[in-house]
Amino acid sequence: MNIDGKPYRSIWLADDGWSVEIIDQTQLPHTFAVRTLQTVQDAATAITDMQVRGAPLIGATAAYGMALAMREDATDANLDSAYDRLSGTRPTAVNLRCALDNMRDVLGGLSPATRADTAYHRAAAICDEDVGINRAIGEHGAEHIVRLWHEKKNGSSTQPVNILTHCNAGWLATVDWGTALSAIYVAHDEGVPVHVWVDETRPRNQGAALTAWELQKHGVPFTLIADNTGGHLMQAGLVDLCITGTDRTTRNGDVANKIGTYLKALAASDNGVPFYVALPSPTIDWELSAGGDIPIEQRGADEVTLMTGQAADGSIQTVRIGPEGAPAANYAFDVTPARLITGLITDRGTCGASEAGLLALYPERA
Ligand code: MRU
């Protein structure tokens, strides 16, 4: 996507041909900073510290982390050690395991002398595949937005389609386009009037910091809201549909996504608002039969007790928002049961949130 007219992906190979560059998402929206990764440890730290985040981008970064490791030392021992180092970075997004397994399968059968080159090619292919998948999700997801727009117009409304989203499932969370936001970008670019309600997404504020920034850069109308606002908006008829991303979807259509997604799905169900989840196929965990088996990441208490933002003088400051020493829990994801989901928007089309629905689109997984 474009930033001030210049096209970017969220991860790319540097001009030196071997180091890897990322947009440091911990600095957004106040500073646009590019960071260079030169070792497998750099890649692991970027994922753990959430300089890169979002399920597909975590997978892409891990793939390049394996390439960096192979450049340093392409032995079997280092292949295993890089796999272990990267797979321990974040537990919930299954794209991480998917990318790492893919890299290890491809590299394991090769002689060490050819591993580094192949690893770079495979990592680049994983990135390109992600871009193609997300563009397809955008096309399929936009169909729902267009349909709701026609329904509104027939009722002679001149209002835009109001879409609520949670966290950041935009191009910053993927290599390009995004998942939930890809549908919105495609609809917007086709001339459909859209307006996005952006959940701030405490505690790390991916909505306020990243989704709002992305939408603003692309010129999509949006309004930032506190996380607790969605239910009220739905009761007032101000949300036409919700679209979120997911970090792992199980065989039965249960969906793990950023903490708070479940509450939005409950409110949507109570108010008859369609609730869609956009997902690339690597986010489906065919090995798990239901969402209760998904590992839920717990992060540091500081993310809950402290907030960082820009002060009036432009400086970045961190402040405490509770009493000193207050205990805090930080569950990073929750599971939305399939029964609350109107449809799963995939790169192969939209299906019901069920094993039958998913298998109809991915029969090779039967
Ligand atoms: O903790 P994060 O910021 O990595 O969580 C990201 C999300 O929950 C996204 O909604 C999800 O990864 C889908 S991104 C296309």
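Which residue forms a salt bridge with D4, and how far apart are the closest N and O atoms of that pair? The partner is K217, and in this predicted model the closest N and O atoms of K217 and D4 are 3.1 Å apart. K217 belongs to helix α7, which covers residues 206-218, while D4 sits in the loop between β1 and β2 (6-7), so this salt bridge ties together parts that are 213 residues apart in sequence. The points below take up the two domains, the contacts between them, the surroundings of the ligand, and some details of the backbone.

**The two domains**

- The domain assignment of the protein gives two parts, with domain 1 spanning residues 2-128 and domain 2 spanning residues 137-365.
- When the centres of domain 1 and domain 2 are taken over C-alpha atoms, they are separated by 25 Å.
- Contact between the two parts involves 32 residues on the side of domain 1 and 34 residues on the side of domain 2.

**The interface between the domains**

- About 2700 Å² of area is buried between domain 1 and domain 2, and carbon and sulfur atoms give 56% of that area.
- Three residues, H30, R53 and T92, supply 22% of the area that domain 1 buries against domain 2, which is more than any other three residues supply.
- Across this interface there are 16 residue pairs in polar contact, and the count of salt bridges between domain 1 and domain 2 is 4.
- On the side of domain 1 that touches domain 2, at least two residues each are supplied by β1 (2-3), α2 (55-72) and α4 (95-108), and α2 gives the most, with 4 residues.
- Sorted by class, that side of domain 1 has 17 nonpolar residues, together with 9 polar and 6 charged ones.

**Salt bridges**

- For the model as a whole, the count comes to 19 salt bridges, and the pair of K217 and D4 described at the start is one that meets the rule.
- Another salt bridge is formed by E297 with R90, where the closest N and O atoms are 2.8 Å apart.

**Around the ligand**

- There are 19 residues around the ligand, and those that come nearest are R90, Q206, D247, N257 and K258.
- R90 therefore appears twice in this briefing, as a residue near the ligand by the 4 Å cut-off and as the salt-bridge partner of E297.
- For N257, a polar side-chain atom lies 2.7 Å from an oxygen atom of the ligand, and for K258 the distance from a polar side-chain atom to an oxygen atom of the ligand is likewise 2.7 Å.
- The side chain of R53 has an N or O atom that is 2.9 Å from an oxygen atom of the ligand, and R53 is also one of the three residues named above for the area that domain 1 buries against domain 2.

**Details of the backbone**

- L28 and P29 are joined by a cis peptide bond with an omega of about 10°, and P29 lies in the loop between β4 (20-23) and β5 (34-37).
- A cis peptide bond also joins R202 and P203, with an omega of about 5°, and P203 is found in the loop between β7 (194-199) and α7.
- M50 has a positive phi of about 65° although this residue is not a glycine, and its place is in the loop between α1 (40-48) and α2.

Notes: Residues numbered from 1 in each chain as written. Predicted model: local features only at pLDDT ≥ 70, side-chain atom pairs only at ≥ 80, totals over all residues. Heavy atoms only, no water. Domains from an automatic or database assignment. Contact = heavy atoms within 4.5 Å. Buried area = accessible area lost by both parts, 1.4 Å probe. Salt bridge = Lys/Arg side-chain N within 4 Å of Asp/Glu carboxyl O. Polar contact = N/O pair within 3.5 Å; in protein donor to acceptor, adjacent residues only side chain to side chain. Nonpolar A, V, L, I, M, F, W, Y, C, P; charged D, E, K, R; others polar.
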